[in-house]
Amino acid sequence: MQITLFEKIINKEIPADILYEDDLSIVIKDINPQAPTHLLIIPKKVIPKLSDAIEEDKQLLGHLMLVAGKMAEKLDLDDTFRLVVNNGAKAGQSVFHLHLHLLSGRSLNWPPG
Ligand code: AMP
């Protein structure tokens with residue numbers, strides 16, 4: 001399997017603005033932010049897309065959500081943010097290494113389009 005862009009960031013082979021890291025995950029700033037705060041919460045395990053996750057990933061997926069909440073608290077986002085997972089190219093996924101987008105700092109419309 002081809003090494004993903006995010007694996008290269010996790011392995012520090014290419015630079016990124018890393019805001020948080022633990023054994024299971026890394027949080028970076030999105031290079032092309034769609035909101036004043038736009039973070040990517042990325043598992044170190046390579047799961048190409050959410051629909052590829054399996055039962056044994058249950059704890060890891062929960063961990064990513066908790067990291068998102070902790071980042072929102074750490075960055076003082078006023079308890080106001082949106083999490084997005086693009087699953088598949090037709091849904092806008094461009095990097096096939098699962099990640100959560102955390103968006104905040106502007107009004108976020110619904111439906112998202
Ligand atoms: P998605 O389109 O859901 O797969 O999201 C991939 C995200 O990765 C996009 O929002 C890109 O702006 C972002 N991205 C691509 N390359 C980098 C990079 N080198 N560092 C940080 N974010 C990146």
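The paragraphs below go through the strands of this structure and then turn to its ligand. The model is a predicted one, and the values given here are computed from it.

A convenient place to begin is strand β2, which spans residues 25-29. Four of its five residues are buried, so β2 is largely enclosed by the rest of the structure; buried here means a relative accessible area under 20%. On one side of the pairing pattern is strand β1, residues 18-21, which pairs with β2 in the antiparallel sense over three bridges, and a hairpin of three residues joins β1 to β2. Within this pair, Y20 stands opposite V27 of β2. Strand β2 also runs antiparallel to strand β3, residues 37-43, to which five bridges join it, and here K29 has L39 in β3 as its bridge partner.

Strand β2 also leads to the ligand, since β2 and α1 (5-10) each supply at least two residues of the shell around it, with α1 giving the most, namely three residues. In total 16 residues surround the ligand, the closest being D30, N86, G92, S94 and H101. By residue class, the shell divides into seven nonpolar, seven polar and two charged residues.

Several polar contacts can be followed atom by atom. An N or O atom in the side chain of N86 is 2.8 Å from an oxygen atom of the ligand, and a polar side-chain atom of H99 lies 2.9 Å from an oxygen atom of the ligand. For I31 the contact involves the backbone, where a polar atom is 3.2 Å from a nitrogen atom of the ligand. Of the 500 Å² of accessible area that the ligand has on its own, the protein covers 84%.

Note on methods. Residues are numbered from 1 along each chain as its sequence is written. This is a predicted model: local features need pLDDT of at least 70, side-chain atom pairs count only at pLDDT 80 or more; totals for chains, interfaces and linings use all residues. Side-chain values use heavy atoms; hydrogens and water are left out. Buried means under 20% relative accessible area, exposed over 50%, partly exposed in between (1.4 Å probe, protein chains only). Two strands pair if DSSP finds at least two bridges between them. A residue is near a molecule or strand if one of its heavy atoms lies within 4 Å of it. A polar contact is a pair of N or O atoms within 3.5 Å; within protein, one must be able to donate a hydrogen and the other to accept it, and residues adjacent in sequence count only if both atoms are side-chain atoms. Accessible areas come from the Shrake-Rupley method with a 1.4 Å probe; for residues, only the protein chains shown count as cover. Ala, Val, Leu, Ile, Met, Phe, Trp, Tyr, Cys and Pro count as nonpolar, Asp, Glu, Lys and Arg as charged, and the others, Gly among them, as polar.
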